[in-house]
Amino acid sequence: MYCKICGNDRVITNLLGQSICKECIDEITRTSVFDETYDLYKNLIRILLGYYISEKHQLNPVN
Ligand SMILES: [Zn+2]
C-alpha cells in the first residue's frame with residue numbers, strides 16, 4: 001500500500017478510508033491555519049472525505 005499523498009510505500013495508518021503515511025499525518029497535524037500549506041491540506045481532506053462518503057454510499061445503496 002502506498003501513501004495517497006506522497007507515494008511513500010511505508011504506509012502505517014488509515015485516514016478516512018485512505019492509506020496515509022505517518023509523515024503526512026504528522027505534517028497535517030502540525031499545520032496551522034496560518035501556514036501556506038493549510039489550504040492545500042484542507043482541500044486534500046475534503047477530497048478524501050468525498051471518497052469516504054461515496055464509498056459508504058456504495059456499501060449502503062438503500063441509504
Ligand atoms: Zn505520505
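Begin by selecting Leu-16, which sits in the loop between strand β1 (13-15) and strand β2. Although Leu-16 is not a glycine, its phi is positive, at about 55°, and this is a detail to look for in the backbone of what is, throughout this tour, a predicted model. Colour Leu-16 by its surroundings next: 15 other C-beta atoms lie within 10 Å, and because a residue counts as partly exposed when that number falls between 12 or fewer (exposed) and 20 or more (buried), Leu-16 is partly exposed.

From the loop, move along to strand β2, which covers residues 18-20, and select Ser-19 within it. With 17 other C-beta atoms within 10 Å, Ser-19 is partly exposed. Which residues should be shown around Ser-19, leaving aside its neighbours within four places in sequence? Display Met-1, Tyr-2, Cys-3 and Lys-4, and then add Val-11 and Asn-14, for Ser-19 is in contact with each of these. If you then draw a distance from Ser-19 to Ile-5, C-alpha to C-alpha, the viewer should show 8.6 Å in space, while the two residues stand 14 apart in sequence.

Now go to helix α2, residues 38-59, and select Tyr-41, whose place is in this helix. Tyr-41 has 16 other C-beta atoms within 10 Å and is partly exposed. When residues up to four places away in sequence are not counted, Tyr-41 touches Ile-28 and Thr-31, so both can usefully be displayed beside Tyr-41, given that contact here is judged by C-beta atoms lying within 7 Å. A second distance can be drawn from Tyr-41 to Arg-30, which are 11 residues apart in sequence and 11 Å apart in space, C-alpha to C-alpha.

With these stops visited, zoom out to the whole protein, where two helices and two strands can be picked out, following the pattern β-β-α-α when read along the sequence. The C-alpha atoms fill a box of roughly 40 × 25 × 15 Å, taken along the principal axes. Buried residues make up 8% of the 63 residues, and among contacts between residues at least 6 apart in sequence, 21% join residues at least 24 apart.

As a last step, colour the model by pLDDT, for which the mean over the protein is 87, with 92% of its residues reaching 70 or more. Where is confidence highest, and where lowest? Helix α1, residues 22-30, has the highest confidence, at a mean of 92, whereas helix α2, the helix that spans residues 38-59, has the lowest, at 86.

Note on methods: Residues are numbered from 1 along each chain as its sequence is written. This is a predicted model: local features need pLDDT of at least 70, side-chain atom pairs count only at pLDDT 80 or more; totals for chains, interfaces and linings use all residues. Helices (H or I, at least four residues) and strands (E, at least two) are DSSP runs, numbered from the N terminus. Two residues are in contact if their C-beta atoms, placed from the backbone, lie within 7 Å. pLDDT is the predictor's confidence in each residue, from 0 to 100.
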